[in-house]
Amino acid sequence: MPPEPPATPLASASPAPTTVSTTPIASPTSTRPAPTPTPTPHPTATPRPTAGSVLARMPLAARVGQLLMVGVPAAGSSDAALRQLGRYRVGGVILTGRSHAGTAATAALTARVRAAVPGLPVLIATDQEGGAVQVLKGPGFPLMPSARSQGRLSPAELRARARDWGGQLHAAGVRVDLAPVADTVPAGAANPPIGAFGRQYGSDPATVAAHAAAFAAGLADAGVIPTAKHFPGLGRVSENTDVSSGVTDRVTTRTDAYLGPFRAVIRTGHPFVMMSSAVYSRIDPTRPAAFSPTVITGLLRHDLGFDGVVVSDDLGAARQVSAVPTGERAVRFVAAGGDLVLTVSPATLPAMFAALYDRAVRDSAFRAQVDRSAQRILLAKQRLGLVAGNG
C-alpha cells in the first residue's frame with residue numbers, strides 16, 4: 001500500500017511585527033552626538049499560497065489523492081467512511097443518492113467531510129440538475145423544474161434562477177454542481193439516459209447551447225463551479241451507460257454541430273467538463289470516450305481549447321466500464337488526459353489510489369500527467385478561495 005499522504009503545510013506563520021525604535025536622548029554629561037535612528041523596516045507579508053506553490057510542496061501520494069472524487073451518501077455517512085477519505089486525502093467528494101433533509105443538515109454533513117480530510121479543503125459536488133435529477137431537497141432546496149422545462153425559460157431568466165439554485169448549494173457547502181446537461185436529444189428519439197428523464201434543454205443544439213450556458217453562468221455567479229456533461233454527448237445513444245455495456249454512439253463526429261453546447265459552456269469561464277463513457281465509433285471506435293486520448297486530449301483539449309478540469313462520469317459502479325479492472329479505470333482515464341476520477345462507490349477508492357500511485361512511481365510520463373491534473377484541480381480550488389487548507 002502506498003504511504004499515507006503526510007499533512008502538507010500550506011503557509012508559514014506571518015512574522016511578528018517589529019517596533020520602530022525612538023531617538024535616544026543624549027545624557028546631559030555626554031559629549032557625543034546623539035546617534036541617528038535607523039527605522040526598522042515594515043514586516044513583509046507572507047505570500048498568499050497559490051496552486052503552484054502548494055503543488056510544489058505536495059508529496060506524490062497527496063497529488064494522487066487530489067485526483068479522486070468519491071461518493072458520500074447525501075443523507076449522511078459513517079465516521080469510518082469519512083476516515084477513509086481522510087486517509088487517502090481525496091480531492092473531491094460527490095454527494096450521492098437523495099436527501100430531503102434540507103440546507104442545514106447538508107451543511108453539517110459537508111462540514112464533517114471537510115473536517116475528516118486534512119490538508120486542502122475538499123471540492124464537494126452533487127447532481128443538482130432539476131426534475132428527476134435533484135439530489136438535495138427539503139428546507140432551503142425548493143423543487144427545481146426539469147431541464148426540459150428550464151429550456152422554455154428565456155436564457156436571462158434561467159441564469160437568474162440558476163444563480164439562486166447555486167446560492168442554495170453554496171450555503172450548504174457544495175461548490176461544484178455536476179450540471180448543466182449539454183447533451184442534445186433529437187425530437188422523438190428514444191434516449192434512455194437523457195431524453196427519458198427530460199434532462200435535455202431542447203432538441204436542437206442552438207437551444208441547448210443558450211440554456212446550458214445560461215445555467216452555467218448563473219451557478220458561477222453564485223460561486224459554484226458548473227460542469228458541462230456528458231462530453232461529447234449522450235443524446236443520440238440508445239442505452240444507458242450506468243446500467244448497460246457496449247453503449248455506442250454511431251453518429252457524432254469530431255466537427256459535429258452537437259458539440260456546440262459544450263463549446264458554449266466552456267466559453268462562460270472556468271467550468272468542469274464531464275466525460276461520457278460511451279464509445280464514439282466515428283471519433284475513436286476502440287475505446288470509451290473517458291479512456292480515449294483522441295476524445296479528451298484531441299477533441300476536447302485541442303479542438304475546443306479546453307484546459308480546465310476534466311472529470312469522469314462514474315467509473316465505480318457503471319456497467320459500461322465494469323469489464324475493466326477497477327484500478328485500471330482510473331489509470332486509463334488520467335493517461336487519456338482526464339483529471340478528476342469520479343467513483344460513486346467508496347469501496348473502489350483503495351484500488352484506484354494504489355493503481356494511480358504505482359503507475360506514477362514507475363512511469364515518469366504518467367507522473368507528469370498526474371502533476372498536470374493536480375495543478376488544474378488546485379487552480380480550481382484557488383479560484384474558489386480554497387487553497388489555504390484546513391490543517
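**Exercise 1. Packing around helix H10**

Identify the elements against which the buried residues of H10 pack, and state which residues of helix H10 are buried.

*Solution.* The buried residues of H10 make their packing contacts with strand E9 (272–275), helix H9 (293–303), strand E12 (310–312), strand E13 (341–343), H11 and H12. The model examined here and in the following exercises is a predicted one. Next, the residues themselves: within helix H10 (residues 326–335), the buried positions are Gly-327, Arg-329, Ala-330, Val-331, Phe-333 and Val-334. In an α-helix a turn takes 3.6 residues, so residues three or four places apart point the same way. Finally, the segment that follows: Gly-337, just after H10, takes a positive phi of about 120°.

**Exercise 2. The largest nonpolar core**

Determine which residues of the largest nonpolar core touch the most other members, and which helix gives the largest share of this core.

*Solution.* The core comprises 111 residues, and Phe-231, Met-275 and Phe-333 touch the most other members. Helix H11 (residues 349–362) provides the largest share of this core, with 7 residues. Phe-333 also appears among the buried residues of helix H10. The contacts of Phe-231 may then be listed. Leaving aside residues up to four places away in sequence, Phe-231 touches Leu-259, Phe-262, Val-273, Met-274, Met-275, Ser-276, Ala-289, Val-295, Leu-299, Leu-300 and Leu-304. Met-275 is thus one of the residues that Phe-231 touches. As a general background, nonpolar side chains in soluble globular proteins tend to be buried together.

**Exercise 3. A sheet of three strands**

Give the strand order of the open sheet that contains E8, and explain why one side of E8 and of E11 is left without a neighbour.

*Solution.* The order of the 3 strands is E8-E10-E11, with mixed pairing. Strand E8 (248–249) and strand E11 (284–288) are at the edges and each has a single partner strand, so one side of each lacks a neighbour in the sheet. Turning to the pairing of E8, this strand runs parallel to strand E10 (residues 279–280) and is joined to it by 2 bridges. At the residue level, Asp-249 stands opposite Tyr-280 in E10.

**Exercise 4. Two pockets**

Describe the linings of the largest pocket and the second largest pocket.

*Solution.* The largest pocket has a volume of about 540 Å³. Its lining consists of 26 residues, and the closest to the centre are Asp-127, Val-133, Arg-199, Asp-242 and Asp-313. Strand E2 (92–96) and strand E7 (227–231) are the elements that give two or more residues to this lining, and E2 gives the most, with 3 residues. By class, the lining of the largest pocket holds 13 nonpolar, 5 polar and 8 charged residues.

The second largest pocket has a volume of about 430 Å³. It is lined by 26 residues, and Ile-225, Gly-269, His-270, Pro-271 and Arg-383 lie nearest its centre. At least two lining residues come from each of helix H7 (205–221) and helix H12 (364–383); H12 gives the most, with 5 residues. The lining of the second largest pocket divides into 14 nonpolar, 7 polar and 5 charged residues.

**Exercise 5. An enclosed space**

State how many cavities of 30 Å³ or more are counted, and which residues line the second largest cavity.

*Solution.* The count is 3 cavities of 30 Å³ or more. The second largest cavity holds about 50 Å³ of space. Its lining is formed by Asp-183, Thr-184, Pro-232, Gly-233, Leu-234, Gly-235, Arg-236, Asp-249, Thr-252, Tyr-258 and Phe-262. In this lining, 4 residues are nonpolar, 4 polar and 3 charged. Two of the names have occurred above: Asp-249 stands opposite Tyr-280 in the sheet, and Phe-262 is touched by Phe-231.

**Exercise 6. Buried, partly exposed or exposed?**

Classify Gln-168 and Arg-372 by accessibility, and place each in its helix.

*Solution.* Gln-168 lies in helix H6 (residues 155–171). Its relative accessible area is 16%, and Gln-168 is therefore buried, since buried means under 20%. Apart from residues up to four places away in sequence, Gln-168 touches Thr-103, Gly-140, Phe-141 and Pro-142.

Arg-372 belongs to helix H12. Its relative accessibility is 42%, so Arg-372 counts as partly exposed. The C-alpha atoms of Arg-372 and Asp-339 are separated by 8.2 Å, although the two residues are 33 residues apart along the chain.

Notes
Residues are numbered from 1 along each chain as its sequence is written. This is a predicted model: local features need pLDDT of at least 70, side-chain atom pairs count only at pLDDT 80 or more; totals for chains, interfaces and linings use all residues. Side-chain values use heavy atoms; hydrogens and water are left out. A nonpolar core is a set of buried Ala, Val, Leu, Ile, Met, Phe, Trp, Tyr and Cys residues joined through side-chain atoms within 4.5 Å. Buried means under 20% relative accessible area, exposed over 50%, partly exposed in between (1.4 Å probe, protein chains only). Helices (H or I, at least four residues) and strands (E, at least two) are DSSP runs, numbered from the N terminus. Contact means heavy atoms within 4.5 Å. Two strands pair if DSSP finds at least two bridges between them. On a 1 Å grid over the protein atoms alone, a cavity is a set of points where a 1.4 Å probe fits but cannot get out, and a pocket is an open set with protein on both sides within 12 Å along at least five of seven lines; lining residues have an atom within 4 Å of a point. Grid points are joined across faces, edges and corners, and a volume is the space filled by probe spheres set on the points. Ala, Val, Leu, Ile, Met, Phe, Trp, Tyr, Cys and Pro count as nonpolar, Asp, Glu, Lys and Arg as charged, and the others, Gly among them, as polar.
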